[in-house]
Amino acid sequence: MVSKPPSSTLERQARRFLETHRGRRSIRAAPPAGRAAERILKPLARRFGVGVERLVEHWPEIVGARLAEWCMPEAIQNAGGNRVLVIRARGPAAAVLQAESRRILERVRLFAGERSPTRLRVLQGATRAPLPATPKMTKPPSASQVSEGVEQSLETRLLSALDRFGHSVKSRNATDL
């Protein structure tokens, strides 16, 4: 058997130090990036107002589904001390949007707060990102639609086409009411 050498005071001190300071401390996880970004972005949003991305995100809620189909906010510009909301509208809808500009600005002001745009500029052209179309309810095919592929004579095809046309006119009139 090998005997242990007597421990010196230096070894005792080293053993005590290692017992109290054993191993490395665990590394804390990084704080969530969302919290850090929120601390920075909230004061900026209060100071400079809502960005166009938030307007695009909530556009149908702000202006309504009918107007949201025709236009999309593109930018918020500062012009001569005024904040101007630039909207891109499809074709002749620009005239309707210009007529509705006061109501649109009022609704944007309700959404964005005091730092909201005070003027509206409507540009004509295709919107960058069209809104997804709402899925329409589909009815099961009618007897005329089922028989459409079976018809052989010119007269029966014409009668079937007129029947389909009549059904579509009736369904449009029912939804417009």
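The following legends describe close-up views of a predicted model.

**Figure 1. Overview of the protein chain.**
The predicted chain contains 9 helices and 3 strands. Along the sequence, these elements succeed one another in the pattern α-α-α-α-α-β-β-α-α-β-α-α. Of the 177 residues in the chain, 21% are buried. Among contacts with a separation of 6 or more, 56% are made by residues 24 or more positions apart. The accessible surface of the chain amounts to about 14,500 Å², and carbon and sulfur atoms contribute 57% of this area.

**Figure 2. The open sheet of 3 strands.**
The strands are arranged in the order β1-β2-β3, with mixed pairing. The edges of the sheet are formed by β1 (71-79) and β3 (119-124), each of which pairs on one side only. Neighbouring strands are turned against each other by 25° on average, direction ignored. Strand β2 (residues 82-89) pairs with β3 in the parallel sense, whereas β1 and β2 run antiparallel. Strand β2 is mostly covered, since 6 of its 8 residues are buried.

**Figure 3. The hairpin of β1 and β2.**
Strands β1 and β2 are joined by 8 bridges. Together they form a hairpin with 2 residues between the strands. In the turn, G80 adopts a positive phi of about 60°. Two residue pairs illustrate the register: N78 stands opposite R83 in β2, and P73 stands opposite I87 in β2.

**Figure 4. The parallel pairing of β2 and β3, with helix α7.**
A total of 6 bridges connects β2 (residues 82-89) with β3. Within this pairing, the bridge partner of V84 is R119 in β3, and R88 stands opposite L123 in β3. Helix α7 (residues 101-112) packs on the sheet and touches both β2 and β3. The direction of helix α7 makes about 120° with that of β3.

**Figure 5. The salt bridge between R88 and E74.**
Side chains of opposite charge can pair when their charged atoms come close. A search of the whole structure yields 2 salt bridges. In one of them, R88 is paired with E74, and the closest N and O atoms are 2.8 Å apart. This pair links distant parts of the chain, with R88 in strand β2 and E74 in strand β1, 14 residues apart. On the β3 side, R88 stands opposite L123.

**Figure 6. The salt bridge between E100 and R103.**
The side chains of E100 and R103 meet in a salt bridge with an N to O distance of 2.7 Å. Residue R103 belongs to helix α7, which spans residues 101-112. Are the two partners buried or exposed? E100 is partly exposed because its relative accessible area is 24%, a value between the limits of 20% for buried and 50% for exposed residues. R103 likewise counts as partly exposed, because its relative accessible area is 31%.

**Figure 7. A nonpolar surface patch.**
Residues I40, L41, L44 and F48 make a nonpolar patch of about 390 Å² on the surface. One of these residues, I40, lies in helix α2 (residues 33-48). I40 is classed as exposed because its relative accessible area is 54%, and the class requires over 50%.

How values were computed. Residues are numbered from 1 along each chain as its sequence is written. This is a predicted model: local features need pLDDT of at least 70, side-chain atom pairs count only at pLDDT 80 or more; totals for chains, interfaces and linings use all residues. Side-chain values use heavy atoms; hydrogens and water are left out. Patches are made of residues with over 30% relative accessible area and no salt bridge: like charges are joined within 9 Å, nonpolar side chains (Val, Leu, Ile, Met, Phe, Trp, Tyr) within 5 Å. Accessible areas come from the Shrake-Rupley method with a 1.4 Å probe; for residues, only the protein chains shown count as cover. A salt bridge is a side-chain nitrogen of Lys or Arg within 4 Å of a carboxyl oxygen of Asp or Glu. Helices (H or I, at least four residues) and strands (E, at least two) are DSSP runs, numbered from the N terminus. Buried means under 20% relative accessible area, exposed over 50%, partly exposed in between (1.4 Å probe, protein chains only). Two strands pair if DSSP finds at least two bridges between them. Axes are lines fitted to C-alpha atoms, for helices over the stretch in contact, and angles run from 0 to 180 degrees between N-to-C directions. Contact means heavy atoms within 4.5 Å.
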